[in-house]
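The following exercises are meant to be worked through with the sequence and the coordinates open side by side. Please attempt each task before reading its solution.

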Amino acid sequence: MTTSHPASLDLPGKVALLTGASMFTLRPEPSIGLGELRMSDGPTGVRGMTFTGGRTVALFPNATLLASSWNTGSAYEVGRMLAEEAAAQGVHVVLGPTINLHRSPLGGRLFEAYSEDPLLSGVLAAAYVRGLQDHGVGACLKHLVANESETARHTVDSVVDEATLREVYLLPFEIAVADADVWSIMAAYNRVNGVPATEQHHVINEIVKGEWGYRGLIVSDWWATTSAAPAANGGLDLVMPGPAGPWGRHLVDAVEAGEVDEAVIDDHVRRLLLLAERVGALGERPGESPGEQPGKSPGESPAPDSPVRRAQLTRLAAEGMTVLKNEHATLPLARGATVALIGRHAVDTIDMGGGSAQVNPPYQVSVAEGLTALLGDAVTVVDGVEVRDRPVPAAPGFAVHPVTGDPGVQVMVYAENGTLIDERHAVSGATMIGIDDDLPEPPHVVRLRARLPEGGRVRVGGIGVGSWQVRAGDHVERFELALSSGDVGEAVLRPPGATTLAEVAPGDVVEAEVLPTSTGPRGKRGLYGLAAHPAPDDVETVTARAVSAARAADVAVVVVGLTEEQETESVDKTTLRLPGAQDDLVTAVAAAARRTVVVVNAATPILMPWLDQVDAVLWAGLPGQEGGHAVAAALLGDIEPAGRLVTTFPAADGAVPAWSVTPVEGRLGYTEGAFVGYRGHEAGRAPEPAFWFGHGLGYTTWAYSDAELLDEQGRHVAVTVTNTGGRTGREVVQAYFRPDDPRQPVRLIGWRAATVPSGQSARVEVSADPRVWRRWDDERGTWESLPARGRILLARGLGDIRATLELTGH
C-alpha cells in the first residue's frame, strides 16, 4: 500500500476518513491497512486523548520561557522529549507548536506562542518540529493564520494587507514548512480578510500548498469548520473532531452535485494517508503504537517524575529565565543570607496557562518548596495577597475523596430518572462532562463531594454552567451560573463559578449539586468543579506580615504574577497591571527591606510601577512542574538565567504599536502593518518600552569589539565578545537590519550564542536568514530583494546596541 492511491475506496468511504472518529482520533480503515491515528494537545506536555484527568504526564515550561533561551538545541530537545511522552501513550500527532505572534500584549494565549518576531518564532518552531518528527511523531503548526487574539475568536475577521500577511504572520509557518517539512498544520477559527480560515483558498491552496509545495495535512481547529464544499475546495483536508461534523453526507452530496471535484477529495485522502504512513499508522499491526514501528522509536520515555525528567525540566526552565534588572549585584543570592519569601505566587506558583495547553502533571513545585529545599531555615515564607477573582477547583491537598481519602473530589452523574450513570474521581477537583466521556444517557444532575480534613473558614462553591446548590456544614447556598459570551468554548475553557463563605469542622464533607444547562447545539457539555479553599486574610493583615518578615531578613524575594484567569485560551487581558494588590505589596516590602528581588511568575509582559524601588527583577515565565526548583536554581546562580526577552515589555497600557484585541463591527484591523512589537517602538510609532525585545542581563558583563561585515550585502557579520564579569556566562549576539527606507521596519536577521568563561573572549559569526532580506511587491504580486542599504546593528537587545555596521548597497 502506498499513500498515493486512495482509489480502492468508494466516495463515501473516502469522505468518511476526512472527519475525526472521536475527540482526538481518526477513523481506521482495515481494507487499506489504515489503523487508528491518535492526536493529543501538546504545547506544554502531551495530555493524551482526554481533556481532563487522564494519564499523568510531564508538564514542560511554557513556550515563551523556552523561547527566551534563543536556543534551537533546546527547542529540538523539547521536541524529542515530547516524542518520548507521545510514544509512551500511543499518540501519533502532537498538536503544536503554536506559532502565532505576540501582536498585542493583551493576547490571552500568548503563553503558548514563542515570540513577537517571525524569524525567531519560525526557527525555534522548525527545531521543535524536527525534534518530534525525527523520532516518528508528527507535529502540527497552529493556528493558520492571523490568530493573535482570543476575543470573539470564532467570528472575528482579521484584516491584514498582503505584504504584512506574507512578511510577518505567514513567515513562521513558511520557515517550519521549508526547514522541517512539518507533517500537519491547523487552520484557525477566525476569518482572514472576510474568508474563514478553514475555507482559505488563497492562503491554503495558493500559498501553502501551491507556492510552498507543502505535502502535508491541513486539519481544522476543533469545531471550526462550518461548511462542506467551501472548506473542501478551500484546501482543508480534515475536519475535527468527530464523529459528527459538517462533511460526511453533505460533502458526498456536494461532490455528486458537481460542487466539489472528486480529485479534490482524493488529494485530501492522499495527504491523510501520507501522515498516517509517516507516523506508522498505515500498515500497522494490531496493538502497535508509534514507538513500536520499525525506525520510529524515540526511545523509552522516562517517567514524568523520574530524576532524568526532573533535571531536564529544571534546566530548560531556569536557562530561559531572564534577569531584567540587577543593581548592587543583588543576584545571585548569597547562600549565607536570610530570605523573606513573600507572595501568593511563592506558595501557589503558576506553572501552566489555561485552556487546551493544560496537562495532568505528577506534581507542581512551588517557589517556596524549591528555595526552602536549597536554603532550609534561612527562608521565611509569607503568603501574599489574593490574586484571583474567579473560583478555581479545590486543590488536591485541601480536599480529599470522602470515601477513599485520596486527594481530589468524588463525582457522581445521574440520569433524569435518578439512575447513577457514572462515578469518577477528579484529582484536580473538576471534571469534563460530555467531552471525554461516553455517557449512556444525558446528564441530569452532577454531584461533587469532598472531605476537608482541616476545616475552618472556607470559600466553597461550584464551577460550571447550570443551577447549583452548595452545602457546607450548616450553610446552604443556591445560585445560577450562565455563559457570559456567545463562545460555547467558554463552558469548557473558562466556565463561570461562584462561592460562598462557610465555617466547617475538620473532616466535614462539602457537597455541590448542579443541574447542567445546555451550552449549545452539542448539549450539556462543559467543565464542572467543586471550589473549596481557605478564606483569604484581608490585604492589610497580609501586608503587615510581609513587611515584618522583610525587615528581619537580609533580602526580600517577592513573587508576583498572573494566573490562568489572564493567560488562557478563549479570553484576552484588558490591562497589563498585576491583579489584586500585588503592586502595593511590592511597594510596601521594598520600603522595608534591605534588598528586594521581584520574581515575575507570568508568561507575558506586566507593568512594573515599583521598578525603581527594587534592586532586581527576574522574569520566570510559567516554568512547568519543576518551577520552584528552577526559580531557586536561577536565584542562587546554580543555573544562569541567561534568557533574552522574546516580547517587548511596554511602559504603560496602550503604549505599543498594536493594543486593541476587540473587533469593531466584527473586524480587527492589523493597521500597524509590519511595524508590530519592537519594530514599531524602534520606528517611533510607540513610546520607549520598559524593556526592549532581546533584553536580558544574565549574571556576567560583556564587551563587544572588532565588529565587521564579512560580505558587502550584510549576510554575514562577526564580532568579538569578551566576558568581563566574574563567572562563566552565555551571551546571545543579536543582529538586526535597519533599512534606510523608512517604509521598512528594523528586523531581526539572525543571532548566535556563545558560552564564555570569565575573562575570556570568543569570535562570534552571525549569518542572516535570507527570508528577511525581501519584501512583498503588491503591484507585481511577487517577492523582491530588499536593498542592502542601511545599518546592521549588533546588540544585546534593541535597547543595548553595541556595534553599528554601514551597508551602502554596493
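**Exercise 1.** In what order do the four strands of the open sheet that contains β15 stand, and is the pairing parallel or antiparallel?

*Solution.* Keep in mind throughout that this is a predicted model. Begin with the order of the strands, which is β15-β22-β17-β20, and note that the pairing is antiparallel. Next, look at the ends of that order: β15 (430-433) and β20 (497-504) each have a single partner strand, so one side of each is left without a neighbour in the sheet. Then consider the geometry, where the twist from one strand to the next averages 15 degrees. Finally, take one pair in detail: strand β17 (residues 456-463) is joined to β20 by eight bridges, the two strands running antiparallel, and R459 has L501 in β20 as its bridge partner.

**Exercise 2.** Describe the open sheet of three strands that includes β28, and find the residue opposite E708.

*Solution.* The strands follow the order β27-β28-β31 with antiparallel pairing. At the edges are β27 (702-709) and β31 (761-767), each of which pairs on one side only. Neighbouring strands in this sheet are turned against each other by 25 degrees on average, direction ignored. Turning to the pair formed by β27 and strand β28 (residues 716-723), one counts six bridges between these antiparallel strands, and A718 in β28 is the residue opposite E708.

**Exercise 3.** Determine how strand β2 is paired, and how many of its residues are buried.

*Solution.* Start with burial, for which the cut-off is under 20% relative accessible area: five of the five residues of β2 (residues 37-41) are buried, and the strand is mostly covered. The side chains separate into two sets, with L37, M39 and D41 pointing one way and R38 and S40 the other way, and all of these are buried. Now examine the partners. Strand β1 (residues 25-26) is joined to β2 by two bridges and runs antiparallel to β2, with L26 and L37 as bridge partners. Strand β3 (residues 93-95), in contrast, pairs with β2 in the parallel sense over three bridges, and D41 stands opposite L95 in β3.

**Exercise 4.** Which residues of helix α7 are buried, and why can they be placed on the same side of the helix?

*Solution.* In α7 (residues 201-211), the buried residues are V203, I204, I207, V208 and K209. Because these residues cover an arc of only 160 degrees around the axis, they lie on the same side of α7. What covers them includes β4 (138-144), α5 (162-169), β6 (184-187), β9 (217-220) and α10 (262-279). Following α7 along the chain, one comes to G213, which has a positive phi near 65 degrees.

**Exercise 5.** Characterise the packing of helices α4 and α6.

*Solution.* Two packed helices are described by the angle between their axes and by the distance between those axes. For α4 (residues 118-133) and α6 (residues 171-180), the angle is about 35 degrees and the axes are 8 Å apart, while the crossing is right-handed. The residues that meet include P118, L119, V123 and A126 in α4, and L171, I175 and D179 in α6. Sorted by class, this contact has ten nonpolar, three polar and two charged residues.

Notes
Residues are numbered from 1 along each chain as its sequence is written. This is a predicted model: local features need pLDDT of at least 70, side-chain atom pairs count only at pLDDT 80 or more; totals for chains, interfaces and linings use all residues. Side-chain values use heavy atoms; hydrogens and water are left out. Axes are lines fitted to C-alpha atoms, for helices over the stretch in contact, and angles run from 0 to 180 degrees between N-to-C directions. A crossing is left-handed if the near helix is turned anticlockwise from the far one by less than a right angle, and right-handed if clockwise. Contact means heavy atoms within 4.5 Å. Ala, Val, Leu, Ile, Met, Phe, Trp, Tyr, Cys and Pro count as nonpolar, Asp, Glu, Lys and Arg as charged, and the others, Gly among them, as polar. Two strands pair if DSSP finds at least two bridges between them. Buried means under 20% relative accessible area, exposed over 50%, partly exposed in between (1.4 Å probe, protein chains only). The arc is that of the directions from the helix axis to the C-beta atoms.
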